[in-house]
Amino acid sequence: KREQTTAMDVKQEEEIIPFEETKIVDQSHPTFGENPFSREETDEIKRLLESKLGKDAVSYRSGPGGAKVAYLESWRAIELSNQIFKFNGWSSQIINLSQDFIEEQDGKVTCGICAVVRVQLKDGSYHEDVGYGTADNQRSKGAALEKAKKEAVSDALKRALRLFGNSLGNSVYDKQHLNDIKKSTAPPKMTSPPVNPSVGGNQPRPTSAPSNPYANGGAGNQPNGSPYLPQVPPGSQPNLPASSVYGTPNLNAPRPGMPMGQTPPNPYNNNNLNQPRQ
């Protein structure tokens, strides 16, 4: 009996007990879809979503019978979503992507694709909708499918975003609002913040250097409503500071970000002409 008990004890010691791994969840960084908005964020998002699109945000294309159809471009819908929900406050997911038809005739390919896209916010709320894309008379099957799929996903994304509110495209379906903004003579609102000349640092600049609007006393090629250059009538001269790029540079003129009344240091003191400019 003692030998039998000893053998059983040895057998139990040889048995390997499986180790259960315990996953540690970091509650300070919740996963996407489980991170609620604060009360202030919710109120601000609600206020922005209730605002209707302005004249500069609505685009038009030709529709049936030559009528103009208003729509919101994909890039602008994404830009507005980043402004309202912030870049890390929303995401999109393709739920379904199916081929409706594909035809090939005389070496040309035509196809249609249907897509379902879901737009989810960081707190878990979401909307989803269907979109459709077509490609006509493409040279290859790959080119046709690529074009139709991109068009279907973009269409579904915009349709899902508009379910959140007016500012993400739902106001485009308001005919009375479209008539009101067509009659409006107010200039379109700027989508980017204007340049503040009194503050130094990294300020937005035009993508291309405009021609001198004051050359030969004319207005040059200055675009209308440019936020980067002062607006002056043709033939007149603006009130430019002494340090203007159009005149002789004044080293004692105040520079951006410098308090008024303070004179900048002269970079050419001690007659050192090899000293680099500031």
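These are my notebook entries on a predicted model, going from the sheet to the helices, a few odd residues and the salt bridges.

**Entry 1: the sheet**

I started with the strands. Three of them make an open sheet in the order 3-4-5, and the pairing is antiparallel. Which strands stand at the edges? I found strand 3 (90–105) and strand 5 (126–138) there; each has a single partner strand, so one side of each is left without a neighbour in the sheet. I also looked up the twist, which averages 15 degrees from one strand to the next.

A reminder to myself: strands of a sheet pair through backbone hydrogen bonds, either parallel or antiparallel. Here I checked how strand 3 pairs with strand 4 (residues 108–121): the sense is antiparallel, over 14 bridges. As a spot check I picked Leu 97, and its bridge partner in strand 4 is Ala 115.

**Entry 2: helix 4 on the sheet**

Next I asked myself what helix 4 (residues 141–162) lies across. It lies across strand 3, strand 4 and strand 5. Relative to strand 5, helix 4 runs at about 150 degrees.

**Entry 3: helix 3**

Helix 3 covers residues 74–85, 12 residues in total. I looked up its span from first C-alpha to last: 16 Å, close to the 16 Å expected at 1.5 Å a residue.

Which residues of helix 3 are buried? I get Arg 76, Ala 77, Leu 80, Ser 81, Ile 84 and Phe 85. Looking down the axis of helix 3, I see these buried residues fall within an arc of 140 degrees, so they line one face of the helix. As for what they pack against, my list reads helix 2 (39–50), strand 3, strand 4 and helix 4.

**Entry 4: two positive phi values**

Right after helix 3 comes Lys 86, with a positive phi near 75 degrees. I noted this one since Lys 86 is not a glycine. Lys 86 sits in the loop between helix 3 and strand 3. Its relative accessibility is 49%, so I file Lys 86 as partly exposed; the cut-off for exposed is over 50%.

The other case I wrote down is Asn 137, where phi is near 55 degrees, again positive in a residue other than glycine. Where is Asn 137 found? I located Asn 137 in strand 5. With 55% relative accessibility, Asn 137 counts as exposed.

**Entry 5: a buried lysine**

Is Lys 122 buried or exposed? Its relative accessibility is 15%, so Lys 122 counts as buried, the cut-off being under 20%. Lys 122 is placed in the loop between strand 4 and strand 5.

I then pulled its contacts, leaving out residues up to four places away in sequence. Lys 122 touches Phe 32, Gly 33, Glu 34, Asn 35, Pro 36 and Phe 37, and also Glu 41, Asn 88 and Gly 89.

**Entry 6: salt bridges**

How many salt bridges are there? With a nitrogen-to-oxygen cut-off of 4 Å, I count seven. I wrote up some of them.

- Arg 118 and Glu 128 meet through their side chains, at 2.9 Å from N to O. This pair links distant parts of the chain, with Arg 118 in strand 4 and Glu 128 in strand 5, 10 residues apart. Arg 118 is partly exposed at 22% relative accessible area, and Glu 128 is partly exposed at 35%.
- Glu 146 bridges to Lys 150, with the closest N and O atoms 3.0 Å apart. Both residues lie in helix 4, four residues apart, about one turn of the helix. Glu 146 is partly exposed at 45%, whereas Lys 150 is exposed at 52%.
- Lys 147 bridges to Glu 151, and here the closest N and O atoms are 3.3 Å apart. Lys 147 and Glu 151 are four residues apart in helix 4, so about one helical turn separates them. I have Lys 147 as partly exposed at 39% and Glu 151 as partly exposed at 34%.

For the spacing in the helical pairs I jotted down the general rule: an α-helix has 3.6 residues a turn, so residues three or four places apart point the same way.

Note on methods
Residues are numbered from 1 along each chain as its sequence is written. This is a predicted model: local features need pLDDT of at least 70, side-chain atom pairs count only at pLDDT 80 or more; totals for chains, interfaces and linings use all residues. Side-chain values use heavy atoms; hydrogens and water are left out. Two strands pair if DSSP finds at least two bridges between them. Axes are lines fitted to C-alpha atoms, for helices over the stretch in contact, and angles run from 0 to 180 degrees between N-to-C directions. Contact means heavy atoms within 4.5 Å. Buried means under 20% relative accessible area, exposed over 50%, partly exposed in between (1.4 Å probe, protein chains only). The expected span of a helix is 1.5 Å times one less than its number of residues. The arc is that of the directions from the helix axis to the C-beta atoms.
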